[in-house]
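Student: Could you take me through a close look at one part of this structure, the salt bridges, and then set them against the rest of the fold?

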Amino acid sequence: PLQNCRVTMMATFDAAAGGFFPAARGHSQWLAAGLAILLEANFEAGDTILTTLPPNSLAGLGAAFVPWLLSGGALEFAGGVSIDPTSTNDWKGRTHFVAPATALGGLARQHRGPLASCVAVHRARYGHSQSFAGVPCENLVDLFVFGELGMVALRRDDRSRPSLIPLGPIAAPSSGR
């Protein structure tokens, strides 16, 4: 009965006290991860994603790579300490920026032109509470990543503090448009 069954899995790795362990996910889990970002950041077809996250983790793949595949736009990987603001001259459509929360504000201010969204990636156990009051983007999304186990994306309504993860079911988009 399992001869015709095809399961496509992809594994990322996380570290624990005992060493590294794999976290395998199927295509539906990757689609769910990317779709949450797509809805929270208000992506449109053909949008561009600029990210500083490498595509080797749940955060890098789920917040940038999968939304890029779903939106059909462009994907550009930037260095972790600066971005090339001149590289955006030929981009079509709107630009979404994905970076660690600790670096997002400074990097987003280096970008020329408006940003459709900024996705601040937080390692959930560290509890960052940066204010992004002067960050030039339409939508600000907090992405809380729990190692390689899961992530929650929430649009930030108040630029001075992250949204709180609600108890109970979570839906995307998290706030009304």
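Tutor: What follows starts with the chain as a whole, turns to the salt bridges, and then moves on to the packing around them.

The model is a predicted one, and its protein chain holds 3 helices and 8 strands, which follow one another from the N terminus in the order β-β-α-β-α-β-β-α-β-β-β. Of the 177 residues in the chain, 44% count as buried, and the accessible surface comes to about 9400 Å², with 59% of that area belonging to carbon and sulfur atoms. Among contacts between residues at least 6 apart in sequence, 53% join residues at least 24 apart.

Against that background, the count of salt bridges comes to 4. Side chains of opposite charge can pair when their charged atoms come close. Arg94 takes part in a salt bridge with Glu44, at 3.7 Å from N to O. Because Arg94 sits in the loop between β4 (74-77) and β5 (95-100), while Glu44 sits in the loop between α1 and β3 (48-51), this pair ties together parts of the chain that are 50 residues apart in sequence. The two partners can be described by their accessibility as well: Arg94 has a relative accessibility of 19% and so counts as buried, the cut-off being under 20%, whereas Glu44, with a relative accessible area of 42%, is partly exposed.

Arg94 also forms a salt bridge with Glu138, where the closest N and O atoms are 3.7 Å apart. This pair again links distant parts of the chain, since Arg94 belongs to the loop between β4 and β5 and Glu138 to strand β7, 44 residues apart. Glu138 has a relative accessible area of 53% and is therefore exposed. Taken together, Glu44, Asp47, Arg94 and Glu138 are linked in a network of salt bridges.

Another salt bridge joins Arg156 to Asp142, with the closest N and O atoms 2.8 Å apart. Arg156 lies in the segment after β8 and Asp142 lies in strand β7, so the parts that this pair ties together are 14 residues apart in sequence. Both Arg156 and Asp142 are buried.

Strand β7 leads from these charged pairs to the nonpolar packing. The largest nonpolar core has 22 residues, and Ile37, Val98, Val119, Val121, Leu143 and Met151 are those with the most contacts inside it. At least two residues of this core come from each of α1, α2 (58-71), β6 (115-123), β7 (137-146) and β8 (150-155), and α2 gives the most, with 6 residues. Leaving aside residues up to four places away in sequence, Met151 touches Ala33, Ile37, Leu58, Gly62, Ala63, Leu143, Phe144, Val145 and Phe146.

A second core, separate from that one, has 15 residues, including Ala99, Leu107, Cys118 and Val135. For a view of two of these residues from a neighbour, consider Ala108, which lies in helix α3 (residues 101-110) and which, at 0% relative accessibility, counts as buried. Apart from residues up to four places away in sequence, Ala108 is in contact with Phe97, Leu115, Cys118, Val135 and Pro136. Ala108 and Phe132 are 24 residues apart in sequence, and their C-alpha atoms are 10.0 Å apart in space.

Helix α2 deserves a further word, as it holds both Phe65 and Trp68, which are 3 residues apart, about one turn of the helix. A search of the whole structure finds 1 aromatic pair: the ring centres of Phe65 and Trp68 are 5.4 Å apart and their planes stand at 50 degrees, so the pair is tilted. Phe65 is partly exposed, with a relative accessible area of 29%, and Trp68 is also partly exposed, at 25% relative accessibility.

Finally, the surface carries a nonpolar patch formed by Leu31, Leu35, Leu39 and Leu70, which together have about 300 Å² of accessible area. Helix α1 (residues 27-40) provides the largest share of that patch, 3 residues. Leu31 is found in helix α1 and, with a relative accessibility of 39%, counts as partly exposed.

Note on methods:
Residues are numbered from 1 along each chain as its sequence is written. This is a predicted model: local features need pLDDT of at least 70, side-chain atom pairs count only at pLDDT 80 or more; totals for chains, interfaces and linings use all residues. Side-chain values use heavy atoms; hydrogens and water are left out. Patches are made of residues with over 30% relative accessible area and no salt bridge: like charges are joined within 9 Å, nonpolar side chains (Val, Leu, Ile, Met, Phe, Trp, Tyr) within 5 Å. Accessible areas come from the Shrake-Rupley method with a 1.4 Å probe; for residues, only the protein chains shown count as cover. A salt bridge is a side-chain nitrogen of Lys or Arg within 4 Å of a carboxyl oxygen of Asp or Glu. Helices (H or I, at least four residues) and strands (E, at least two) are DSSP runs, numbered from the N terminus. Buried means under 20% relative accessible area, exposed over 50%, partly exposed in between (1.4 Å probe, protein chains only). A nonpolar core is a set of buried Ala, Val, Leu, Ile, Met, Phe, Trp, Tyr and Cys residues joined through side-chain atoms within 4.5 Å. Contact means heavy atoms within 4.5 Å. Rings of Phe, Tyr and Trp (its six-membered ring) pair if their centres lie within 6.5 Å; planes under 30 degrees apart count as stacked, over 60 as edge-to-face and the rest as tilted.
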